[in-house]
Amino acid sequence: MSGRNLNLLGLVLVGVVGLIFMFFTPHFADLDTVLELTVYMIMAILALSLALVWGYGGILCFGQSAFFGLGAYTYAIAMFNMGESTLPVVLAVILPAAFAALLGYFMFYGRISDVYLGVITLTVTLILFNSVNSTAGPEFHIGAARLGGFNGIPGIPPLNWPFNKGAAVDLEGMFYLSTGSLLLTYFGLRLLLASQFGRIIVGIRENERRAELLGYDPRAYKLATFTIGGALAGFAGCLFANWGAFVSPTIFGLAQSAQIIIWVIVGGRGTLIGPVIGCIGIQWLSAALGANQPSGGSDLWSKIFANAPLILGVILIAFVLLVPRGLVPTAADVAAFVLRGRRRREQRGLEPQQAE
Amino acid sequence: MASPLLETRSLSMHFGGVRAVSDVNFTLAEGELRCLIGPNGAGKSTFFKMLTGQLEPSHGQVLFRGQDISRAHAHEVARLGIGIKTQVPSVFDGLSVRENIHLAASRLHSGARTRRLVDEMLERIGLAHAADRVVGQLAHGQRQWVELGLVLSTDPQLILLDEPAAGMTHEEVQKTADLVREINRTKALIVVEHDMQFIRMIAKRVTVFNRGSILVEDTIENIMRNPLVRDIYLGKQAAA
C-alpha cells in the first residue's frame, strides 16, 4: 500500500520542485548562474539516457558519449547547411538513434556478452573521437560545415522557434527549454517504465533466460531500449551544441564517456532521479573545484583540492566501495529501515502484553 | 494411433567429443504425464534444453505437433506452447512475487484480466500472502512454486519440470505432487526427478535415461522391478 503512495508522492514532488525551479530561477539568479544551470540540465538528460539503458535495461554502455557527440555534430553540421533549426533538431535525434539501432543490432543479435558490449561501445566512441579529431583541414567539410578537427566547430547558430528563423532562442529561453526537456524526459521515462515494455526490460535485466523462456525476445527489447537511449543522448547533444555554440571532438572522449557512468553509479542504478542528482551534484562539485584553480595557493592541500579529476576519482572509488548501489537506493533503504523500526516500536507500545 | 504432441527423431547433442545425448527417439502423447529418471550426467537436462530451444541439437529433430522446432529460438518455442521449470529456480529475483507472475501472464492478456489471473495464480501456488515480497528473499521451495506459477501463467500445452521437488520438505513434496496431478488434468508434462517417493506419487509411464540414450521405457511398476534400472540408478533406494 505505502509503496504505491510513496511512488506517487515522489512523482508529485519531482514535478512541483522541477516546475518551481524552472520558472523562478531566471528571476532570482544572475545570468552566469542560469547559464551554468542550463548545462547541468542538459547533462542530466544525458544521464537519464544511460539510467534507462544501463540502470533499467542492464546494458552496460561505456560509449553513451558517442550518441551525445553525434547529436551535437549532427545539429552543428545541419545548422550550417540549413540555417533553420527545425530539421537539424529532428536529425540530431534520428541520426544517433539510427546509429544506436545499427550498432545494437549487431551487438544484441550477435549475442555479444555484457563485458564485450562495454568494450565495443567504448571503442566506438574512441574511434569517433579519433576520426573527428583528424579532420582539421579545409578539405574536411560536409556541405557548408567545416568539421574543424581538434579545433571543433565554433559559432554554431542558435535554435529558433520551429519554422520561424527570425525567432532565435536566447540564453534564458535555453534554460527554460533544457529544464522543460529534462522534466519531460523524466516523466516520459517514468511512463515508459510503468508500461508493459518497461516491465519486460526490467525482467530481462533480472533474468534474461527466464524472460526468453516465457516467450519474450530479449534481443528485440534490448535493441529498442538501446535505440531510445541513443535518441535521448542525441537530443542532449543537440542542446549542448546550442548551449556553448561550440562542439569539439572531446565530446566523444574518454573523460566524457566515463563521466556519464560515474553520474549513474553515484546516483544509483535502477532509479531515474538518482542519476539526475548524481549528474548535477558532480558537475557542481567539478565547477566548484575548478574555480579554486587559478588562485590556488602553493601548499599541498590547496593543490590537491584544485585537482578536480583526483577528487572525482576518490569520490568514485568511495562510492563503489562504500555505497555500491548509489545515493538514492541507499537513502531509500535507510528510510525504509527507520520507518519499519518506528512501526515496530509503535506496535510494541500498543500491545505491551505481547512482549514477553 | 493419434499423432503425438512431442516427438524427437535421433536427437543428439555432442559437446566436443562428449556425447551428452545421442540418438534419442522419444514420443509423448497429448495430455500424457511422463517421468524421466536417470543418474547424474545421463543427459536429461541437455535433453530438456534441446526441447526448449536453449541448445541447438547436433543432429536430429524435435517435432512439436508435427512442427520442427529443433532450430527455433527459446522465445519462439515458448510462444508455441512449451513451458519449462529449470533445475535451479530461474525467476526474477529482484521483483516481487506478484510482479513475477504479472510479467508472465501479461504476454497473453492485458489490463484487468491479467490482474485477475495473477490473483488466481497466487492463490493456486499458495503464495497470496507473500505476493508483495521480493522473490530473492523467499525460501527455496517457495521460489520453486513462483517459477511454476510463471510457467503456468503463460498457459503452455506442454510443461517440462526439471527436479520440481528438489530441496523441498516432505510436506512441500506432497503439495507439489498434488499440483502436478492437477496440472496434468489439462496439460501434458515431462518431469525429471531424483526423488523416487515423488515419482511414485505421480508416475504412470517412466523413461530411464542412461549415458545419453533411452535405456528403457515402461510403467512405474515394471521400472521398479527392472534389474537393469536397479543396477545403473536406483540402487538401494528402490528396495526401501
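**Exercise 1. A hairpin in chain B**

Task: In this predicted model, find how many bridges join strand 4 of chain B to strand 5 of chain B, and describe the turn between them.

Solution.
Step 1. Count the bridges. Strand 5 of chain B covers residues 67–68, and 2 bridges tie this strand to strand 4 of chain B. The two run antiparallel.
Step 2. Find a facing pair. B:Leu63 lies opposite B:Asp68 of strand 5.
Step 3. Look at the turn. There are 2 residues between the strands, which form a hairpin. B:Arg65 sits in this turn and has a positive phi of about 50°.

**Exercise 2. The sheet around the hairpin**

Task: Give the strand order of the open sheet of 4 strands in chain B, and state which strands stand at the edges.

Solution.
Step 1. Read the order. The strands of this open sheet in chain B follow 2-1-4-5, and the pairing is antiparallel.
Step 2. Pick out the edges. Strand 2 (18–28) and strand 5 of chain B each have a single partner strand, so one side of each has no neighbour in the sheet.
Step 3. Check the pairing of strand 1 with strand 4. Strand 1 of chain B spans residues 6–15, strand 4 of chain B spans residues 59–64, and 5 bridges connect them in the antiparallel sense.
Step 4. Follow two facing pairs. B:Leu6 is opposite B:Phe64. B:Ser12 is opposite B:His59.
Step 5. Add the helix. Helix 1 of chain B (residues 44–51) packs on the sheet and touches strand 1, strand 2 and strand 4 of chain B. The direction of helix 1 makes about 65° with that of strand 2 of chain B.

**Exercise 3. A covered strand**

Task: Decide how many residues of strand 3 of chain B are buried, and name the strands that pair with this strand over 4 bridges.

Solution.
Step 1. Count. Strand 3 of chain B runs over residues 33–37, and 5 of its 5 residues are buried.
Step 2. Split the strand by face. B:Leu33, B:Cys35 and B:Ile37 lie on one side. B:Arg34 and B:Leu36 lie on the other. Both faces are covered.
Step 3. Take one partner. Strand 8 of chain B (residues 188–192) pairs with strand 3 in the parallel sense, over 4 bridges. There, B:Leu36 has B:Val192 as its bridge partner.
Step 4. Take the other partner. Strand 9 of chain B (residues 205–210) is also parallel to strand 3, again over 4 bridges. B:Arg34 is bridged to B:Arg205.

**Exercise 4. Two residues with positive phi**

Task: Locate A:Arg111 and B:Glu163, and decide whether each is buried or exposed.

Solution.
Step 1. Recall the background. Most residues other than glycine have a negative phi.
Step 2. Take A:Arg111. Its phi is positive, about 55°, although it is not a glycine. A:Arg111 is in the loop between helix 4 (86–109) and helix 5 (114–133) of chain A.
Step 3. Apply the cut-off. Exposed means 12 or fewer other C-beta atoms within 10 Å. A:Arg111 has 8, so A:Arg111 is exposed.
Step 4. Take B:Glu163. Its phi is about 50°, and it is not a glycine either. Its loop joins strand 7 (158–162) and helix 6 (170–183) of chain B.
Step 5. Apply the other cut-off. Buried means 20 or more. B:Glu163 has 21 C-beta neighbours inside 10 Å, so B:Glu163 is buried.

**Exercise 5. Two helices that cross**

Task: Describe how helix 3 of chain A and helix 4 of chain A cross.

Solution.
Step 1. Give distance and angle. Helix 3 of chain A covers residues 64–82; its axis and that of helix 4 of chain A come within 8 Å and cross at roughly 145°.
Step 2. Give the hand. The crossing is right-handed.
Step 3. Name some contact residues. Helix 3 of chain A gives residues including A:Phe67, A:Leu70 and A:Gly71. Helix 4 of chain A gives others, among them A:Leu87, A:Pro88 and A:Phe99.
Step 4. Sort by class. The contact has 16 nonpolar, 2 polar and no charged residues.

**Exercise 6. Domains and chains**

Task: State how far apart the domain centres of chain B are, and how many residues of chain B touch chain A.

Solution.
Step 1. Set the bounds. Domain 1 of chain B is 6–81 + 156–239, and domain 2 is 90–155.
Step 2. Give the separation. The centres are 25 Å apart, taken over C-alpha atoms.
Step 3. Count the domain contact. Domain 1 of chain B gives 9 residues and domain 2 gives 8 residues.
Step 4. Turn to the chains. 18 residues of chain B are in contact with 14 residues of chain A. Helix 2 of chain B supplies the largest share of the chain B side, 4 residues.
Step 5. Sort the chain B side. It has 9 nonpolar, 6 polar and 3 charged residues.

How values were computed: Residues numbered from 1 in each chain as written. Chains lettered and ligands numbered in written order. Predicted model: local features only at pLDDT ≥ 70, side-chain atom pairs only at ≥ 80, totals over all residues. Pairing = 2+ DSSP bridges. Contact = placed C-beta atoms within 7 Å. Nonpolar A, V, L, I, M, F, W, Y, C, P; charged D, E, K, R; others polar. Domains from an automatic or database assignment. Axes fitted to C-alpha atoms, helices over the stretch in contact; angles between N-to-C directions. Left-handed = near helix turned anticlockwise from the far one by under 90°.
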